Amino acid sequence: MLKNILKIAMRNFWKTKSISIINILGLSLGIALCLIIALFVRNELSYDRHFLNSERIYRVTSDIVFGGNVLNMTFAPAPMAEALVEEIPEVEASVHFRNQGSFLIKRYEDNIKENKVIFAGKDFLEVFDIPLVQGNKRGALDEPNTMLISQSMADKFFKGENAVGQSLVLDNSTDYKVTAVYEDIPENSHFDFHVLLAAEGLPEAKSPQWLGNNFQTYILVRPNADQQEMNQKIAAMADKHLTPLLKQVMGEDFTLEKFRESGNRVEYALQPLLDIHLHSDLLGEFKANFSITYVYLFVAIAIFILLIACINFMNLATAKSSSRAKEVGIRKSMGSDRADLVFQFMTETFLMSLISFVLAVFIASFLLPFFNDLAARNLVLPVESIGFYASLLIGSILVGFIAGIYPSIFLSGFKPVKVLKGDISNGMKSVTVRSSLVVFQFSISIILIFSTIVLFSQMRFIQNKNLGFSKDQVIMVHDLYALGEQKQTFKQEILRSSLIEMGTLSGFLPVSGTNRSDNPWWVMGRDIQDQENMVSIQNWKVDFDYIKTLGMKMVQGRDFSLEFPSDSSAVIINESALNNFNFEGDPIGQKITTFSGNNVTGLNTEDLEVKTVVGVVENFHFESFKENIGAVLMYVDPNPSGIASFKFKTQDAQEVLQLLESKWKELAPGQPFTYEFLDERFSSMYASETRIGKVFASFTGFAIFIACMGLFALTAFTAEQRRKEIGIRKALGASVNSLVLLLSMEFTKLVLISFFIGAPLAWWGMSKWLKNYQYRIELGWGVFIISAIVVLLVSWTVMGLQSFRAAISNPIDSLKSE
């Protein structure tokens with residue numbers, strides 16, 4: 001029996017090979033896209049799970065509101081790591097990190113710049129039990145000037161040698177001894193550093209200062225420890241250590257109750273390691289995380305694409321129902337019951353589903369490299385896994401059932417008396433089901449189109465908005481410390497070129513990945529025990545040409561100038577700082593004050609630093625558009641370092657690069673020359689959103705394509721059902737245009753219904769997404785109009801082609817039996 005069913009299936013496949021090929025290709029494409037999304041989602045959910053005891057590792061996060069600033073950070077005080085082990089019984093081990101940017105590393109003469117370097121506490125390997133390739137984990141980071149390196153770093157510097165006991169020179173000044181080599185940390189981790197330096201040699205790591213937040217702290221807790229209980233204990237511990245320090249600053253009358261009543265807070269909490277990649281977007285992340293919202297979104301897209309593909313399968317199967325109607329009538333007349341027919345049609349569907357899954361694997365393998373480029377991932381199909389093939393088999397059965405159950409019931413429901421007379425309008429005569437399927441398909445398509453337009457509009461808004469500074473034609477040269485005492489010489493030599501307009505030396509720039517420093521300031525003479533007088537503000541070290549080079553606009557006062565020796569104690573503030581300080585009268589000439597001291601020695605409330613406001617600069621964006629513009633204060637640094645930024649005139653950037661590199665090699669031989677364009681660094685702040693937008697747009701295109709196949713099928717179905725009507729109309733003189741309009745209008749109504757369902761849903765969803773941005777576009781009518789035009793043009797094109805084909809058919813073919 002099965003052999004006979006397979007023979008009939010192959011005969012019908014060959015008889016309607018064009019429809020069968022469309023069926024298989026449409027289903028294969030939908031399944032392939034689902035496979036890719038499934039791989040992507042699995043990868044995102046796997047982050048940090050490779051660490052032993054990953055479910056018992058937590059990160060300390062901080063929530064600070066003070067001086068007009070709201071800071072949600074990954075940072076905690078330096079002494080907290082040790083205090084957690086000593087004061088909270090549930091904590092088994094702790095480690096803290098201090099990220100100080102890139103380092104120049106060499107073994108002999110030539111330096112290599114390495115970005116993935118971080119200072120780590122001595123118990124790093126107790127918290128993160130990373131397998132070692134060489135060395136012993138006991139005491140690996142106990143001594144200053146020791147380091148752990150990854151396998152790839154060992155291969156780079158000690159190829160074929162034992163790296164343990166050997167030394168590398170960092171920043172041309174300090175020798176670090178390698179104590180162990182660890183396996184490369186997998187990519188699906190929220191951090192992947194190649195060099196871990198012993199924090200024991202870092203003065204800040206030994207600081208008793210609880211008011212400074214500059215270390216990322218992780219803990220390993222004992223089994224069955226309760227996160228909420230630990231949070232309460234951490235809050236009590238922090239209050240105990242912070243209260244004496246805040247009294248020292250605010251006065252003996254200070255109490256935490258008054259502090260919190262005034263709207264301020266300093267709170268610490270635990271965040272599970274496994275939540276970081278998908279549930280965290282804090283200041284100080286080691287690298288950009290993903291979002292669980294996008295994971296849900298991609299899962300939804302995968303489900304919708306698969307459903308659209310299955311719906312197409314249904315519609316294409318029923319569209320050619322007339323070719324199977326007489327077969328059904330004859331088989332029923334010969335004694336076949338409905339169950340036999342359902343089994344026949346379901347077997348055919350399962351066969352096509354299995355073929356589609358096999359073909360989908362090849363399509364997915366072809367599309368996966370393009371997806372990896374768009375999503376910045378390295379996904380591979382697990383073709384060596386037995387579970388992969390088992391999943392494909394189960395998936396083919398499930399998809400075959402979903403796609404085949406409706407056509408099987410529909411086709412097996414024909415009445416033999418009617419179909420043998422040529423009447424195939426039996427059974428599901430109402431178009432309600434099929435119309436609903438089209439409405440569903442295009443509602444999803446409209447949501448995707450609308451969302452894609454909004455996403456790209458927001459990205460374009462970010463790129464084109466007035467940032468308050470000029471990011472175009474500015475090149476950044478990194479690692480100025482490699483020039484030693486010749487930093488100013490390098491700047492002056494470059495400025496002599498006619499290619500260069502202006503230049504500045506400063507590690508503080510209005511893009512991510514550059515220096516930041518935050519301190520409390522207040523207007524001189526005001527009572528600092530009144531917490532509203534304290535302003536938490538960014539302190540940026542700049543030179544005299546900083547504002548001019550970056551094209552910032554002064555709104556009050558003047559820029560720094562060499563003509564004013566007093567500018568060594570002058571500051572320029574932005575408009576946000578001006579509002580926070582709430583000066584009485586003209587801000588120019590007013591004096592502001594902060595504490596002198598550092599995180600190592602602690603605060604010195606007697607020794608104060610006083611600066612004079614000489615200018616106010618227009619607000620400029622220096623963090624993500626998701627954040628409000630914070631307060632910034634700039635002052636002249638007599639010994640600037642970090643980055644040299646040059647504004648160039650020519651459109652030939654290569655010529656500028658040659659100039660910079662030749663002068664660099666002349667002044668810093670053997671030191672790597674690294675550069676970056678300011679506009680590219682700015683764009684990298686939104687690289688994740690841009691990648692998501694491109695991936696989203698790609699899947700939107702595929703979804704629309706598959707949906708249009710469904711519309712093509714339903715148009716064909718309707719034309720087949722109405723072929724006698726079309727023949728009669730043509731015989732009575734109806735034109736081709738009127739027939740095309742007649743056949744298309746029914747589906748145009750369905751598409752319009754889809755628009756009125758999908759557009760409001762998309763507006764609601766994207767309005768919520770845009771709320772993540774403090775600076776965003778407004779959702780006007782333009783987005784609705786563009787979405788409607790796109791979907792109508794696409795649908796009319798598909799419907800028009802099929803309707804035209806039906807309209808030009810010879811009426812004799814449809815009426816000859818009447």
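**Exercise 1.** In this predicted model, determine how many bridges join β16 to strand β24, and in which direction the two strands run relative to each other.

*Solution.* Taking β24 as residues 644–648, one finds five bridges joining β16 to this strand, and the two run antiparallel. Within this pairing, Gly-503 stands opposite Phe-646 of β24.

**Exercise 2.** Place these strands in their sheet by giving the strand order, and explain why one side of β16 and of β25 is left without a neighbour.

*Solution.* The sheet is open and consists of four strands, ordered β16-β24-β15-β25 with antiparallel pairing. Because β16 (500–505) and β25 (675–677) stand at the edges and each has a single partner strand, one side of each lacks a neighbour in the sheet. From one strand to the next, the twist averages 20 degrees.

**Exercise 3.** Identify which strands helix α15 touches and which strands helix α18 lies across.

*Solution.* Helix α15, residues 487–495, packs on the sheet by touching β15 (474–477), β16 and β24, and its direction makes about 170 degrees with that of β16. Helix α18, residues 653–667, lies across β15, β16, β24 and β25, and runs at about 25 degrees to β15.

**Exercise 4.** Describe how α15 and α18 cross, and state which residues make the contact.

*Solution.* The two axes come within 10 Å and cross at roughly 145 degrees, and the crossing in which α15 passes α18 is right-handed. On the α15 side the contact is made by Thr-489, Phe-490, Glu-493 and Ile-494, while α18 contributes Leu-659, Leu-660, Lys-663, Trp-664 and Leu-667. Sorted by character, the residues of this contact between α15 and α18 comprise six nonpolar, one polar and two charged.

Technical notes:
Residues numbered from 1 in each chain as written. Predicted model: local features only at pLDDT ≥ 70, side-chain atom pairs only at ≥ 80, totals over all residues. Heavy atoms only, no water. Pairing = 2+ DSSP bridges. Axes fitted to C-alpha atoms, helices over the stretch in contact; angles between N-to-C directions. Contact = heavy atoms within 4.5 Å. Left-handed = near helix turned anticlockwise from the far one by under 90°. Nonpolar A, V, L, I, M, F, W, Y, C, P; charged D, E, K, R; others polar.
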